[in-house]
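Here are my notes for a colleague who is meeting this structure for the first time. Please read them with the sequence and the structure open beside the text.

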Amino acid sequence: MSKTTIIRNLKKHIGDELVIKYNLGRNKYETYRVRLKKLYEHVFVVEDNNLIRCFSYSDIIMKSIKIYLA
C-alpha cells in the first residue's frame, strides 16, 4: 500500500469517526475512538475528546496502527 493510496482512502472519511488500534509492541495495544480532522503531506490529524493526535502514513505502511470505521 502506497502513501497516495492511503491518502486517497482517508480523504473519503474526513469528519468520520474511526477506531485506531496502535501497536505498542510485545502484544500490547492502545485503542482510540477518534474523528479524522485533517490530512497533511506526511501526517494525518485526529481528535479524541478535544485531544489532538497526529499519526504518520508510514505508521500505516509499517503496520504500527490499524484503522477501522466506527
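The points below go from the sheet to its helix, and then to the salt bridges.

1. Please keep in mind throughout that this is a predicted model. Its sheet is open and has five strands, which follow the order β4-β3-β2-β1-β5 with antiparallel pairing. Strands β4 (51-56) and β5 (65-69) stand at the edges, and each has a single partner strand, so one side of each is left without a neighbour in the sheet. From one strand to the next, the twist averages 40°.

2. Within this sheet, strand β1 (residues 17-25) and strand β2 (residues 28-39) are joined in the antiparallel sense over eight bridges. As an example of the register, Lys21 has Thr31 in β2 as its bridge partner. Helix α1 (residues 3-11) packs on the sheet, where it touches β2, β3 and β5, and the direction of the helix makes about 75° with that of β2.

3. How many salt bridges does a search of the whole structure find? The search finds four, and three of them are worth following here, beginning with the one between Glu17 and Arg33, whose closest N and O atoms are 2.5 Å apart. Because Glu17 lies in strand β1 and Arg33 in strand β2, this pair ties together parts that are 16 residues apart in sequence. Glu17 counts as partly exposed at 30% relative accessibility, whereas Arg33 is exposed, with a relative accessible area of 51%.

4. Glu17 also forms a salt bridge with Arg35, and here the closest N and O atoms are 3.4 Å apart. Arg35 lies in strand β2 and Glu17 in strand β1, so this pair ties together parts that are 18 residues apart in sequence. With a relative accessibility of 36%, Arg35 counts as partly exposed.

5. A further salt bridge is the one in which the side chains of Asp48 and Arg53 meet, at 3.9 Å from N to O. Asp48 is buried, because its relative accessible area is 15% and buried means under 20%, while Arg53 counts as partly exposed at 22%. Turning back to the earlier pairs, salt bridges that share partners join Glu17, Arg33 and Arg35 into one network.

6. Where does Asp48 sit, and which residues does Asp48 touch? Its place is in strand β3 (residues 43-48), and, when residues up to four places away in sequence are not counted, Asp48 touches Tyr32, Arg33, Val34 and Arg53. Arg33 thus appears both among the contacts of Asp48 and as a salt-bridge partner of Glu17.

Definitions and conventions:
Residues numbered from 1 in each chain as written. Predicted model: local features only at pLDDT ≥ 70, side-chain atom pairs only at ≥ 80, totals over all residues. Heavy atoms only, no water. Helix = DSSP H or I, 4+ residues; strand = E, 2+ residues; numbered from the N terminus. Contact = heavy atoms within 4.5 Å. Pairing = 2+ DSSP bridges. Axes fitted to C-alpha atoms, helices over the stretch in contact; angles between N-to-C directions. Buried < 20%, exposed > 50% of the residue type's maximum accessible area, 1.4 Å probe, protein only.
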